[in-house]
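I sat down with this one to see how the two chains meet and what a few odd residues are doing. My notes follow in the order I looked things up.

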Amino acid sequence: MIKYIVKRILLAIVTIWVVATLTFFLMNMVPGGPFMAEKAISPAAQAALAAKYGLDKPLHEQYLTYMKDALHGDLGDSLKQRGRTVSGIISTKFPVSAKVGGLAVVVSLLIGVPLGCVAAYKRGKVLDSVISVVSTCGIAVPSFVICTVLMYVFGVRLRILPTLGLTGWKNYIMPVAALSFYPTAYIMRLMRSSMLDALGQDYMRTAKAKGLSQSVSIFKHALRNAILPVVTYLGPMITYTLTGSFIVEKIFTIPGLGGEFIGAITSRDYTLIMGTTIFLAAFMVVMNVVVDIVYKIIDPRIQLK
Amino acid sequence: MKKNPLSLQLDIDPEEFLPASKEEKESLVIMRESVSFWKDGFRRLRKNKVAMASLFVIIVIMFFSFIVPLFYPYSYGTQIKGANNLRPFQYSAAEQQLIDAGESVFPHVFGTDKMGRDYAIRIMVGSRISLLVGLIATAIILLIGSAYGSIAAFAGGWVDMVMMRVVDLIYTIPDVLLIVLLSFALDAPLDALANVPGFSWIKTVGHNMISIFVVFALLYWVGMARMVRSQILMLKESEYVTAARALGAGSGRIIKKHLLTNCIGTLIVTTTLQIPSSIFTESFLSFLGLGVAVPLPSLGSLCSDAINGMATFPYLLFIPAVVISLIILSFNLLGDGLRDAFDPKLKN
């Protein structure tokens, strides 16, 4: 187990390094640069800025400097937001996204898993059909549609929920609902099909024959086996929701990491792009390792290798 | 032969032991007509009402987005003077005069947008773009993904290992980053190409659109590749392949009869389910402003444009939103139906 985790972490470091290197060279290969778009700056000032941030040096030298600094935990200064460090930006923006995203993850699990189980248990009944229709429609609606419809109904028409910022608990309702909509529907579907599979297994009949109560056999035997696909899905899902959805952040004007990342890309803020990409990749890789370990805890038969 | 009077043997008519005639033999054969894989699948599909209904919806949407615009009286780019922000079935002052004069004016079924463009035709052309992106991107994904996945599965060993690590890597790179960088990078070369005769369509479609296709070709095939690889790995080890090999079947026959036929169901299903997810991605990117070039509409960019006027003109937002959800929903349901029909093992 320990050996496995060490191996995975080493592999993760390699993955993050490769992603960072690819991003660095791709980003620099593209014509244009961070200071080109600013018309107000004279060519001399542009050159001075470039010199200040070391952008005038040859590419491989820039790469080596960046990597050396990054290894020491220094992700550099933002090129566009003068006077702010990249780590500073990430550490102020990420908690905002993570709070909304974390709530969304919890909500989608709390709704998706039980409803999926109920649908499987009541297979073929009205409740099952209702849940199936809702989840099928749920995965067909793009997030920007959900966001705008919520905004229109609760923000513009009924005027019961605030539409801007994140000042009180009421502000969280719409973004969390919008963010958790798709995952909830998806988890419901996953849960229903894996639960159906589990309910048909021989050990369920054995449990019944032993005289176990309905609820014990479902929650102790079926659920534990049926939850595995949901855990697999949770890895990437948590990464995407916690690091911020650009659409949700844009529509509900939440100052989160997702919006910051897109802003950095379009304004060619090289250091911020690199910093956020490394952060996202690291998050993703760590989540994958966590999912594997959780897998092992839930199902001890799984061999980690 | 004369029978012994003391014999206990039964009296048997030798006639009954004559070999059976051809007709008699045939009457005993109980065999239905052999049903091919496709026939069987389509028969099951036809019985599935939900899948047939969604197929019908898809055909209707395709009819409206590909055929109706050809003879629709308005075009998606023309700005009608004085016809800004009309509500559905409302006419501009000039058009009202024409109607009063006894001429017939085609109604603006969904009204017009703030530039005075007929909204119905913009929706139709927008869904055409979304459908085209979905279909073309899916074709690219199918081609690259299935080739990559099957090569990895067949090669096995370290080739498989390296190929799958590459897939993991591609999973980790943020896609929006690549799309924006690519659209910057492809700007100059595509501009140059657009001036070459025969490539002027690039200007209409827009650079972003082409970079979206390139990104699909570069990034989104990984899911398909994983799927095909696991499928072939599983099939290679299955008992009936061993049985076929034991019966003396050659590799060619095994690939054709067993691997391909068993894979094709999954491939059809994954492809059909990939179409809505491609449309999903395209609408998301168009919503961000990374999609088609103006004035060409796409369902995502129509939604995005309508957000600012949401309070006064909600239908401008809701119509494209409903259409895109409907397209994705129908493809999803059709995909589910195809899965039940062609890949019964995956049911539930």
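**Two arginines in chain A**

I began with Arg159(A), which sits in the loop between α6 and α7 of chain A. This is a predicted model, so I am reading computed values throughout. Phi of Arg159(A) comes out near 55°, positive although the residue is not glycine. That caught my eye for a general reason: most residues other than glycine have a negative phi. Is Arg159(A) buried or exposed? I find 9 C-beta neighbours inside 10 Å, so Arg159(A) counts as exposed.

Next I looked up Arg268(A), in the loop between α12 and α13 of chain A. Its phi is also positive, near 60°, and again the residue is not glycine. The surroundings read otherwise here: Arg268(A) has 21 C-beta neighbours inside 10 Å and therefore counts as buried. The cut-off I used for buried is 20 or more.

**Chain A as a whole**

I stepped back to chain A. I count 13 helices and zero strands, so to speak an α entry at every place in the order from the N terminus on. The C-alpha trace spans about 85 × 55 × 30 Å along its principal axes. Of the 305 residues in chain A, 37% count as buried. I also checked how far along the sequence the contacts reach. Among contacts in chain A with a separation of 6 or more, 73% are between residues 24 or more positions apart.

**Where chain A touches chain B**

How many residues does each chain put into the contact? Chain A gives 37 residues and chain B gives 31 residues. On the chain A side, the elements that give two or more residues include α1 (2–29), α7 (169–199) and α13 (270–298). I noted α5 (126–138), α6 (143–157), α11 (246–251) and α12 (257–266) of chain A in that group too. Which element gives the most? It is α1(A), with eight residues. Sorted by class, the chain A side has 28 nonpolar residues, eight polar and one charged.

**α1(A) against α6(B)**

Since α1(A) gives the most to that side, I followed it across to helix α6 (residues 157–172) of chain B. The two axes come within 10 Å and cross at roughly 60°. I therefore wrote down α1(A) and α6(B) as oblique to each other. The crossing is right-handed. From α1(A), the residues that meet the partner are Thr15(A), Val18(A) and Val19(A). From α6(B), they are Asp168(B), Leu169(B) and Thr172(B). This contact divides into three nonpolar residues, two polar and one charged.

**α5(B) and its partner α9(B)**

Then I moved into chain B. Helix α5 (residues 119–155) of chain B has 37 residues. From first C-alpha to last it reaches 53 Å, close to the 54 Å expected at 1.5 Å a residue. After α5(B) comes Gly156(B), with a positive phi near 65°.

I checked α5(B) against helix α9 (residues 207–219) of chain B, and the axes come within 8 Å, crossing at roughly 30°. That angle makes α5(B) roughly parallel to α9(B). Here too I logged a right-handed crossing. Which residues meet? From α5(B) I have Val133(B), Ile136(B), Ala137(B), Ile140(B), Ile141(B) and Ile144(B). From α9(B) I have Ile212(B), Phe213(B), Phe216(B) and Ala217(B). By class, this contact has 10 nonpolar residues, no polar and no charged. The numbering on α5(B) made me recall a general point: an α-helix has 3.6 residues a turn, so residues three or four places apart point the same way.

**Loose ends in chain B**

I looked at Phe63(B), which is found in helix α3 (residues 49–67) of chain B. Phe63(B) is exposed, with 11 other C-beta atoms within 10 Å. For a distance I paired it with Tyr74(B): Phe63(B) and Tyr74(B) are 11 residues apart in sequence and 17 Å apart in space, C-alpha to C-alpha.

Last, I went to helix α11 (residues 239–246) of chain B. How many of its eight residues are buried? The count is zero, so to my eye α11(B) is hardly covered. After α11(B) comes Gly248(B), with a positive phi near 100°.

Technical notes
Residues are numbered from 1 along each chain as its sequence is written. Chains are lettered from A and ligands numbered from 1 in the order in which they are written. This is a predicted model: local features need pLDDT of at least 70, side-chain atom pairs count only at pLDDT 80 or more; totals for chains, interfaces and linings use all residues. Two residues are in contact if their C-beta atoms, placed from the backbone, lie within 7 Å. Helices (H or I, at least four residues) and strands (E, at least two) are DSSP runs, numbered from the N terminus. Ala, Val, Leu, Ile, Met, Phe, Trp, Tyr, Cys and Pro count as nonpolar, Asp, Glu, Lys and Arg as charged, and the others, Gly among them, as polar. A residue is buried if 20 or more other C-beta atoms lie within 10 Å of its own, exposed if 12 or fewer, and partly exposed in between; C-beta atoms are placed from the backbone. Axes are lines fitted to C-alpha atoms, for helices over the stretch in contact, and angles run from 0 to 180 degrees between N-to-C directions. Angles under 35 degrees count as roughly parallel, over 145 as roughly antiparallel, 65 to 115 as roughly perpendicular and the rest as oblique. A crossing is left-handed if the near helix is turned anticlockwise from the far one by less than a right angle, and right-handed if clockwise. The expected span of a helix is 1.5 Å times one less than its number of residues.
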